[in-house]
Amino acid sequence: MAWLEKSKPVILILLISFAFSTINLLFKAVLNKGTNHLILITYRQLASTVFLTPIACFQGRKVGATLTTRILCYVFLSALLGGTLTQYLVLLGFQHASAAFCSAFVNMSPANTFLIALIFRVERLNLRRKGGKAKVLGSAMCIGGVLVLTLYLGFPLTKHLHSHEYINRARDAGSNASPKSTSNYIVGAICMILSSIVWSSWFVIQNWIGKLYPCKYSSTAFMSFFSAIQSAALGWAINSDPSVWLLRGKLQIVTVILAGVVGSGLCYVGMSWCVEQRGPVFTAAFSPFQQIFLVILALIFLHEDVYLGSVLGSITVICGLYILLWGKSKDTEDETLKPADLPKETGRTSLSTSCTIHVDADSKCHLGAS
């Protein structure tokens, strides 16, 4: 069952991607009814804090790790990047563009994480090795797939085609789009690009936190708590009307609870574990599956059409994903390769590991067994 043990991070991160896609679809439905996105973030993080705090208290006693001021500062920064800013920018993008359009920008996360990890020396790049070349090629293909998803619509591939919808979407994507529609999509694209960069930075920060403080439930509970405070302060500064803080309707309540318990709670704990096991680049490399799952869910439940551009872009992203993961796996194998496994150079003899060489003050060598 060794293969199952190695596949646990892959299976877990795929389930997390599916959960995020479902939550994003619910958020899009709630935002269409005019709910304030900062209020949604605040209640989501509060639900996550309430859910994780008892588990963190019980789990923390077993681990016995010490929570220092330095770790709290890292967790506060992690909450700002991964909890507050990322979700704020994502929901702001959802307000200006469609969910499928916005989710395509999540595919930039693997390439962004790889570049940020290079800057902070979390990842290494050696272009002389096959693994290093594969990392660069895979990241470039992920970015290329995002460009295809964003810039090329193509013709619909599904049977339930609505001609007027296809014409309107093609017109909005082309040069004859109305100024309002074009500006909305530009704002949405800028928000999603920024959110992808911030989200990628969170993976690097989380990698540091995992090494300093192994209590994943406790760190995630603190992150949710800090994010709730940050979102509430920002939301109150923008709109101090108390009436906007009331949740109306079952859909809003269910979305907030599901997003808090599953999204900000279990999913963040799972991602922290994956970062600890395989690193930030591996975890971020599965972000493109969120867009793929969201397209499938929208096709089933919202009866949206699937277009050629989405298929071509998704295929390009997946190919880039596997090339990137292969490159990382290849580099890991090269780093863990023992010197005894390396090919011996011809024309040289090697000494047995049981022998030692002593050099005295008169520069005379004495060979003896150890």
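## A tour from the surface patch inward

Select Ile 186, Ile 190, Ile 193, Leu 194 and Ile 197, which together make a nonpolar surface patch of about 410 Å²; a patch here takes residues with over 30% relative accessible area and no salt bridge, nonpolar side chains (Val, Leu, Ile, Met, Phe, Trp, Tyr) being joined within 5 Å and like charges within 9 Å. The areas come from the Shrake-Rupley method with a 1.4 Å probe, and for residues only the protein chains shown count as cover.

Before going further, note that this is a predicted model, in which local features need pLDDT of at least 70 and side-chain atom pairs count only at pLDDT 80 or more, while totals for chains, interfaces and linings use all residues. Residues are numbered from 1 along each chain as its sequence is written, and side-chain values use heavy atoms, with hydrogens and water left out.

Within the patch, centre the view on Ile 190, which is found in helix H8 (residues 179-212); helices (H or I, at least four residues) and strands (E, at least two) are DSSP runs numbered from the N terminus. With a relative accessible area of 47%, Ile 190 is partly exposed, given that buried means under 20%, exposed over 50% and partly exposed in between (1.4 Å probe, protein chains only).

Next, stay on helix H8 and select Trp 199 and Trp 202, which are 3 residues apart and so separated by about one helical turn. Trp 199 counts as buried at 8% relative accessibility, and Trp 202 is buried with a relative accessible area of 0%. Aromatic rings of Phe, Tyr and Trp (its six-membered ring) pair if their centres lie within 6.5 Å, with planes under 30 degrees apart counted as stacked, over 60 as edge-to-face and the rest as tilted; by this rule there are 15 aromatic pairs. The rings of Trp 199 and Trp 202 have centres 5.2 Å apart and planes at 0 degrees, so this pair is stacked.

Now extend the selection to Phe 20, Phe 203 and Tyr 268, since ring pairs link these residues with Trp 199 and Trp 202 into a cluster. Trp 202, Phe 203 and Tyr 268, along with Met 271, have the most contacts inside the largest nonpolar core, which has 61 residues; such a core is a set of buried Ala, Val, Leu, Ile, Met, Phe, Trp, Tyr and Cys residues joined through side-chain atoms within 4.5 Å. Beyond four places in sequence, Tyr 268 is in contact (heavy atoms within 4.5 Å) with residues including Gly 82, Gly 83, Gln 87 and Met 223.

From Gly 83, step to Ser 227, which lies in helix H9 (residues 216-238) and is buried, with a relative accessible area of 0%. Not counting residues up to four places away in sequence, Ser 227 touches Gln 45, Ala 79, Gly 83 and Thr 84.

Also in helix H9, select Lys 216, whose partner in a salt bridge is Glu 276, the closest N and O atoms being 3.3 Å apart; the rule asks for a side-chain nitrogen of Lys or Arg within 4 Å of a carboxyl oxygen of Asp or Glu. Glu 276 lies in helix H10 (residues 250-278), so the pair ties together parts that are 60 residues apart in sequence. Glu 276 is partly exposed, at 40% relative accessible area, and a search of the whole structure finds 1 salt bridge.

Finally, zoom out to the whole protein, whose secondary structure comes to 13 helices and 2 strands, and where buried residues make up 43% of the 370 residues.
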